[in-house]
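Got the viewer open? Take this tour one selection at a time, and rotate as you go.

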Amino acid sequence: MVILDTTKIKDINLSLSERPAIPTPERDTEHIDIQGRHGSLTKKYGFKDIPYSLTFDFLEDTPFKQAFRKAKIVFFKAKKLSFEDDPDIFYMIKSVEIEDALNDVLEYGQFTVNFTLAPFAYEVTKLITITSQTTLTNAGYESEPYIKAYAAGTGKIYIGNQVVTVKDINGFIEIDSTMMNAYRKENGLITNLNNHMIGDFPVLVEGRNVIKFDGNITKLEIDPRWRWI
């Protein structure tokens, strides 16, 4: 059963026409033929968005057209797609296209939704508080974490071989590796703090990630954003 954000499709009187396939991204790969070379030269880049289509049926004691109108609002507003048999994993919805519905019988209808999903399957994660050296183990694909560093001054964050310096911080700084942005959100206001961060936006590599900090940093809060391909 499909879940859109927190709405189960059965709650809007829908069911799947068939058991859905498991989405898998395609890697952007370039093959270059070079004269005199055995085989091609292969370059691997990032993963592409996932085109993903699902067909839904409606069969209830109310006219289909009314239910279809209500369902479209849920689909177009949804940001996450997940499945009841794998509730700890979700896909990020980038866009939705809904095809014209078939409605040959008053109380029956069928329609197909074409999703564009971000390339990864994300785990449902929580903030991890770190006050001393800690090791986080990434069992999936390299992830782009969210880090909130509490500091009164300047300090360094170490994640494996990666070093990030935060400077002249009064309170905390938030580092979002997915958005490639450093900021502070407080009382509804967002302050740009990119000029208070030195270094690349960190990632959590596959396997062990030793995390520590120094200087005037007192603690970290990390959402690892574990993800799979």
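Before the first stop, a quick term: a polar contact is a pair of N or O atoms within 3.5 Å, and within protein one of them must be able to donate a hydrogen and the other to accept it. Keep in mind, too, that you're looking at a predicted model.

**Stop 1: threonine 112**

Select strand 10, residues 108-123, and pick out threonine 112 inside that run. Now add threonine 55: the side chains of threonine 112 and threonine 55 are joined by a polar contact of 2.9 Å. That fits the term above, because the limit is 3.5 Å.

Is threonine 112 buried or exposed? Threonine 112 counts as buried because its relative accessibility is 17%, and the cut-off for buried is under 20%. To see what surrounds it, show Ser53, Leu54, Thr55, Glu97, Ile98 and Glu99; threonine 112 is in contact with these residues, leaving aside its neighbours within four places in sequence.

**Stop 2: the largest nonpolar core**

Next, select Leu4, Leu14, Phe56, Phe75, Phe111 and Phe115. They are the residues with the most contacts inside the largest nonpolar core, which has 28 residues. Colour by element and you can trace who contributes: strand 1 (2-4), strand 6 (50-59), helix 1 (64-77), strand 7 (80-83), strand 8 and strand 10 each give two or more residues to this core.

Zoom in on leucine 4. Not counting residues up to four places away in sequence, leucine 4 touches Ile9, Val74, Phe75, Ala78, Lys80, Leu81, Ile93 and Phe115.

Then slide over to alanine 71 in helix 1. Alanine 71 has a relative accessible area of 0%, so it is buried. Which residues does alanine 71 touch, not counting those up to four places away in sequence? Ile12 and Leu14. Try a distance label here: alanine 71 and leucine 14 are 57 residues apart in sequence, but their C-alpha atoms are 8.4 Å apart in space.

**Stop 3: the second core**

Select Ala151, Ile159, Ile211 and Ile222 now. They are among the 22 residues of a second, separate core.

Centre on isoleucine 222, which sits in strand 19, residues 217-223. With a relative accessibility of 0%, isoleucine 222 counts as buried. Show Lys126, Leu127, Ile128, Ile130, Pro145, Tyr146, Ile147 and Ile211 around it: isoleucine 222 touches these residues, not counting those up to four places away in sequence. Another distance label is worth adding, since isoleucine 222 and tyrosine 146 are 76 residues apart in sequence yet 5.7 Å apart in space, C-alpha to C-alpha.

Step along strand 19 to glutamate 221. Glutamate 221 is also buried, with a relative accessible area of 13%. Its side chain makes a polar contact of 3.3 Å with the side chain of tyrosine 150. Leaving aside neighbours within four places in sequence, glutamate 221 is in contact with Leu127, Ile128, Thr129, Tyr146, Ile147, Lys148 and Tyr150.

**Stop 4: the pockets**

Time to look at empty space. Rolling a probe the size of a water molecule over the atoms shows where such space is left.

The largest pocket has a volume of about 470 Å³. To find it, select Lys80, Phe90, Met92, Tyr122 and Arg225, which are the closest to its centre of the 19 lining residues. Strand 8 (86-98) and strand 10 are the elements giving two or more residues to this lining, and strand 10 has the largest share, with five. The lining of the largest pocket has nine nonpolar, two polar and eight charged residues.

For the second largest pocket, with about 230 Å³ of space, select its lining: Met1, Arg19, Pro20, Ala21, Ile22, Pro23, Tyr52, Phe83, Asp85, Asp86, Ile89 and Tyr91. The largest share here, three residues, comes from strand 8. By class, this lining divides into nine nonpolar, no polar and three charged residues.

**Stop 5: two backbone oddities**

Most residues other than glycine have a negative phi. Select aspartate 168 in strand 14, residues 162-176, where phi is positive, near 55 degrees. Aspartate 168 counts as exposed, at 54% relative accessibility.

Finish with asparagine 187, in the loop between strand 15 (181-186) and strand 16 (189-192). Asparagine 187 has a positive phi of about 55 degrees, and at 75% relative accessibility it counts as exposed.

Definitions and conventions. Residues numbered from 1 in each chain as written. Predicted model: local features only at pLDDT ≥ 70, side-chain atom pairs only at ≥ 80, totals over all residues. Heavy atoms only, no water. Helix = DSSP H or I, 4+ residues; strand = E, 2+ residues; numbered from the N terminus. Buried < 20%, exposed > 50% of the residue type's maximum accessible area, 1.4 Å probe, protein only. Contact = heavy atoms within 4.5 Å. 1 Å grid on protein atoms, 1.4 Å probe; cavity = no way out; pocket = protein on both sides within 12 Å on 5 of 7 lines; lining within 4 Å. Points joined across faces, edges and corners; volume = space filled by probe spheres on them. Nonpolar A, V, L, I, M, F, W, Y, C, P; charged D, E, K, R; others polar. Core = buried A, V, L, I, M, F, W, Y, C linked by side-chain atoms within 4.5 Å.
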